[in-house]
Amino acid sequence: MSSPPRPIVLLIEDSDDDAFFFRHALKKCGVPSRLFHVSDGGEALRYLEATRLAPDDPAQPRPDLVFLDLKLPTFSGFEILSRLREHPMEPPLDVAVLSGSDHASDLERGRALGATAYLVKPVSVEILRARLQGWVDRQTPAGTAAVQPATA
């Protein structure tokens, strides 16, 4: 039996503390993945453009899941979502907004710009596990075993 796919996760987050807690939750969720982290909106756009042009580059692989902070230096999360909408990737990126704000207007704007989820920070291990496992399940052919969370 082959092992299930291992999602490539791109975290776009400028807060060192929030990035630390995200990494911790990612490790605790028990779904094997590869994490890439950028901390600036401009850096995020350069990374995403590079992956659009060369999706098989091992130094900057195309992400399967993106977790996007809204308040970033250079370009905001909303600006990044707008650019992704103007220049879509195939297949479309699964982008979850990470925000400290639970304002309905932010949620509506994120969804209107193509975000697939809106998560209020700090993200819980359970929510992160569900997002990663959902991706793995969509990639795993029917009849093969899904990843089981690691036990403590």
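Colleague: Why is Asp94 called buried?

Modeller: In this predicted model, Asp94 has a relative accessible area of 12%, and since the term applies under 20%, Asp94 is rightly called buried.

Colleague: And how do you know whether Arg138 is buried or exposed?

Modeller: The relative accessibility of Arg138 is 54%, and the cut-off for exposed is over 50%, so Arg138 counts as exposed.

Colleague: What makes the contact between Arg138 and Asp94 a salt bridge?

Modeller: Their side chains come to 3.3 Å, N to O, and the definition asks for a Lys or Arg nitrogen within 4 Å of a carboxyl oxygen of Asp or Glu, so the pair qualifies as a salt bridge. Arg138 belongs to helix α5 and Asp94 to strand β4, so this salt bridge ties together parts 44 residues apart in sequence.

Colleague: Which residues are joined into one network by salt bridges that share partners?

Modeller: Glu13, Asp18, Asp69 and Lys121 are joined in this way, and the structure as a whole holds six salt bridges.

Colleague: How do you know that Glu13 and Lys121 form a salt bridge, and what parts does the pair tie together?

Modeller: The closest N and O atoms of Glu13 and Lys121 are 3.0 Å apart, which is within the 4 Å limit, so the salt bridge is assigned. Glu13 sits in the loop between β1 and α1, whereas Lys121 sits in the loop between β5 and α5, so parts 108 residues apart in sequence are tied together. Glu13 is also buried, its relative accessible area being 1%.

Colleague: What makes Asp18 a partner of Lys121 as well, and why is Asp18 called partly exposed?

Modeller: For Asp18 and Lys121 the closest N and O atoms are 3.0 Å apart, and the pair forms a salt bridge. Asp18 lies in helix α1, so here the pair ties together parts that are 103 residues apart in sequence. Asp18 has 26% relative accessibility, and that value falls between the 20% and 50% cut-offs, so Asp18 counts as partly exposed.

Colleague: Turning to the sheet, what makes β2 and β5 edge strands?

Modeller: The five strands form an open sheet in the order β2-β1-β3-β4-β5, with parallel pairing. β2 (34–38) and β5 (117–120) each have a single partner strand, so one side of each is left without a neighbour in the sheet. On average, neighbouring strands of this sheet are turned by 20° against each other, direction ignored.

Colleague: How do you know that β1 and β2 pair?

Modeller: Pairing requires at least two bridges, and five bridges join β1 (residues 8–12) to β2, so the two strands pair, running parallel. Among the bridge partners, Leu10 is matched with Phe36 in β2, and Val9 is matched with Leu35 in β2. The chain passes from β1 through α1 to β2, and this β-α-β crossover is right-handed.

Colleague: Which strands do helices α2 and α3 lie across?

Modeller: Helix α2 (residues 41–53) lies across β1 and β2, running at about 135° to β2, while helix α3 (residues 77–86) lies across β1, β3 and β4, running at about 140° to β3.

Colleague: Finally, which residues of α5 are buried, and what covers them?

Modeller: The buried residues of α5 are Leu128, Arg131, Leu132, Gln133, Gly134, Trp135 and Val136, and what covers them includes β1, α1, β3, β4 and β5. Helix α5 has 15 residues and reaches 21 Å from its first C-alpha to its last, close to the 21 Å expected at 1.5 Å a residue.

Methods: Residues are numbered from 1 along each chain as its sequence is written. This is a predicted model: local features need pLDDT of at least 70, side-chain atom pairs count only at pLDDT 80 or more; totals for chains, interfaces and linings use all residues. Side-chain values use heavy atoms; hydrogens and water are left out. Helices (H or I, at least four residues) and strands (E, at least two) are DSSP runs, numbered from the N terminus. Axes are lines fitted to C-alpha atoms, for helices over the stretch in contact, and angles run from 0 to 180 degrees between N-to-C directions. Contact means heavy atoms within 4.5 Å. Buried means under 20% relative accessible area, exposed over 50%, partly exposed in between (1.4 Å probe, protein chains only). A crossover is right-handed if, with the strands pointing away from the viewer, the path from the first strand over the helix to the second runs clockwise. The expected span of a helix is 1.5 Å times one less than its number of residues.
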